[in-house]
Amino acid sequence: MEVFTILWREFLFFKKRAFKITSSAVITPLLYLLAFGWGLGSNVSVEGFNYMYYIIPGIIAMSTMNTSFNAVAIRISVARLHEKSFEYYMTAPVNMYLLTLGYVLSGALRGLYAGMIILSITYLFGVYIKITFSFLFICFLNSMLFAAFGYFAAMTINTHYDMNRFTSFVITPMTFLCGTFFSLERMPNFLKNFIELLPLTHAISGLRNIALENITNHFSILILFMYFLAFYALGVYASYREI
Amino acid sequence: MDHIIEIKEVLKKYEDFTAVDHLNLNIKKGSFFGLLGPNGAGKTTLIKMLVGLLRPNSGDIFIKNQKMTRDNVFLKTKMGIVPQHINLDKELSVKENLIFSAKLYKLKRDPQEKRVEELLAFSELKPIENKLSKNLSGGMQRKLMIVKALINDPEIIFLDEPTVGIDVNTRRKIWDMLKGMKDMGKTIILTTHYIEEAEYLCDQIALMDKGKIFHLDTSKHLKSNLGTFTVEYFNDAKVTEYKYFQSIEDAKQYTHALCGNYILRDTNLEDVFYNFTNRKVR
């Protein structure tokens, strides 16, 4: 019940801000596509693939990560620290684990929406990559885990400025290090081993394997799912600690 | 006695500061109970503990004979809460705010729609039901918060300074709403630092300061115990002094020696509070 209530509330929010949400979700990845894909990368190939085809899965993974993280992190931090409307949930007869799931799911749907828009844009430009159910599932799982991470982050900060810690030290480094724009093969081993632990690396490699080679990497899916469970559990814990 | 709320030896500390100090209090079912005190008296902390937002360091709170804990979902369904700050969902309209609350309180679809319409009519917010709550005036936002607290038809309503910062006309309208809620048989717990609000609305008033309730009675008794009439005058040291009298004759008699520089008036709750604490409520 709580899950549908939150989804209903977030749908209203989305409906009222559809243009702003869509445009802000599209602009950064579109710039990356233009600059790195059609600009720099038009005559480049990586791991034997045309660079444009190579970076699209990375940009979709990055876009789902950013959108789902921000959708939940901003929403919850504003409700908790600025509007104080989060307090209302704590006095209402709601189960916090379902409320958390509602917000995570709504953030994940926003992430998936952003990913699908990027995909549509690449199709408009005549770049077709292979899409399977597993491809969509990885996009969704990646969105779920970063929405859960955004929820956890928003529940632990004391001021809006504290959110910069998460974006500067977690989200932005992952954007550039997890293989969105380049292959990890030439990375020093110690760094490569560390990067391979990160969830975005698995989302990108999972999507890239499907898009370029039609191979579903179940191990990456399992890792993403484990990350989701961990972040969700932390989010629920932070919710109960808030009361 | 039919007590709906029982507070036993409740203590709440914030590091070295004691906000609520071993407080004991019983509140009768159906009463309009006022907690009156200056800023920092511990009123909001007490309300937050009553609704499960804060845990006491020690002591127990029982509501409807059940211990109030943060996860007591049953008791939460019996309560309505109007906090001190505006906590509306600013991106939603008036009506959407109410529907959202109804969904959070798990009202089924038909009763949900009926209840929302009832509350829109009761609060006279129907004409602006589609307006975003962020675009409402402060008074309208307060009204919406109050009816939002009624969405689950609660038995107990906690109002933490519900009229703070709003104009006199709107405050009077809100008072009428609160009186209407009392007529519905609700138990209402109100914190305020507006003397006239407590006098006008409450059956019983607890005077609170430094985390303790130091007097609890009806407004009438609190005043008559002190003296029904007050003489207020400037003494030679240019400090206002107050004298309290049970009869107007005694008060007039006293003023004869004051050379005209005095005010003779009815005693109010602020006098009671001031007499006990030497500290104005506002």
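Colleague: Let's start where the chains meet: how many residues does the contact take from chain B and from chain A?

Modeller: Keep in mind that this is a predicted model. Both chains contribute to the contact, and the tally for each side is 22 residues from chain B and 18 residues from chain A.

Colleague: Which helix of chain B gives the most to the side that touches chain A?

Modeller: Two elements give two or more residues to that side, namely helix 2 (73-77) and helix 3 (94-104) of chain B. With 4 residues, the top contributor is helix 3 of chain B.

Colleague: And how do the residues on that side of chain B divide into nonpolar, polar and charged?

Modeller: This is still the side of chain B that touches chain A, to which the contact takes 22 residues from chain B. By class they come out as 10 nonpolar, 4 polar and 8 charged.

Colleague: Back to helix 3 of chain B: what do its buried residues pack against?

Modeller: Helix 3 is mostly covered, with 11 of its 11 residues buried. Among them are Val94(B), Lys95(B), Phe100(B) and Leu104(B). Their packing partners sit in both chains: helix 4 (109-122) and helix 5 (138-148) of chain B, together with helix 1 (2-16) of chain A.

Colleague: Which residue that follows helix 3 of chain B has a positive phi?

Modeller: Helix 3 of chain B covers 94-104. After the helix comes a residue with phi near 60°, and that is Lys106(B).

Colleague: Is Gly180(B) buried or exposed?

Modeller: Gly180(B) has its place in helix 6 (residues 168-183) of chain B. A residue with 12 or fewer other C-beta atoms within 10 Å is classed as exposed. Gly180(B) has 12 such neighbours, so the residue counts as exposed.

Colleague: What separates the C-alpha atoms of Gly180(B) and Phe122(B)?

Modeller: Along the chain, these two are 58 residues apart. In space, their C-alpha atoms are separated by 9.1 Å.

Colleague: How many residues of domain 1 of chain B are in contact with domain 2 of chain B?

Modeller: Chain B is divided into domain 1 (3-218) and domain 2 (222-277). Their centres, taken over C-alpha atoms, are 35 Å apart. Domain 2 puts 8 residues into the contact, and domain 1 puts in 11.

Colleague: Which elements of domain 1 each supply at least two residues of the side that touches domain 2 of chain B?

Modeller: That side of domain 1 divides into 6 nonpolar, 2 polar and 3 charged residues. The suppliers are one helix and two strands of chain B: helix 7 (195-201), strand 9 (204-209) and strand 10 (212-217).

Colleague: Which residues of chain B does UniProt list for "domain: ABC transporter"?

Modeller: In the model, the listed span is 35% helix and 29% strand, and its end C-alpha atoms lie 45 Å apart. The listing comes from an unreviewed UniProt entry, which gives residues 5-235 of chain B.

Colleague: How many helices and strands does chain B come to?

Modeller: The C-alpha trace of chain B spans about 70 × 45 × 35 Å along its principal axes. Buried residues make up 43% of its 282 residues. Its secondary structure comes to 10 helices and 13 strands.

Colleague: Over to chain A: what pattern does the chain follow along the sequence?

Modeller: Chain A comes to 10 helices and 2 strands. Read along the sequence, those elements follow α-α-β-β-α-α-α-α-α-α-α-α.

Colleague: Why does the radius of gyration of chain A agree with that of a compact globule?

Modeller: Chain A spans about 60 × 40 × 35 Å along its principal axes, and 48% of its residues count as buried. A compact globule of 243 residues would have a radius of gyration near 18 Å, so chain A agrees with its own value of 18 Å.

Colleague: How far apart do the end C-alpha atoms of residues 219-240 of chain A lie?

Modeller: An unreviewed UniProt entry annotates several stretches of chain A as "transmembrane region", including 21-39 and 219-240. In the model, residues 21-39 of chain A are 100% helix, and their end C-alpha atoms lie 26 Å apart. Residues 219-240 of chain A are also 100% helix, with an end-to-end C-alpha distance of 32 Å.

Note on methods. Residues are numbered from 1 along each chain as its sequence is written. Chains are lettered from A and ligands numbered from 1 in the order in which they are written. This is a predicted model: local features need pLDDT of at least 70, side-chain atom pairs count only at pLDDT 80 or more; totals for chains, interfaces and linings use all residues. Two residues are in contact if their C-beta atoms, placed from the backbone, lie within 7 Å. Ala, Val, Leu, Ile, Met, Phe, Trp, Tyr, Cys and Pro count as nonpolar, Asp, Glu, Lys and Arg as charged, and the others, Gly among them, as polar. A residue is buried if 20 or more other C-beta atoms lie within 10 Å of its own, exposed if 12 or fewer, and partly exposed in between; C-beta atoms are placed from the backbone. UniProt positions are given in the numbering used here, feature names are shortened, and annotations may be inferred rather than shown by experiment. The radius of gyration is taken over C-alpha atoms; the globule rule is 2.2 Å times the number of residues to the power 0.38. Domain bounds come from an automatic or database domain assignment.
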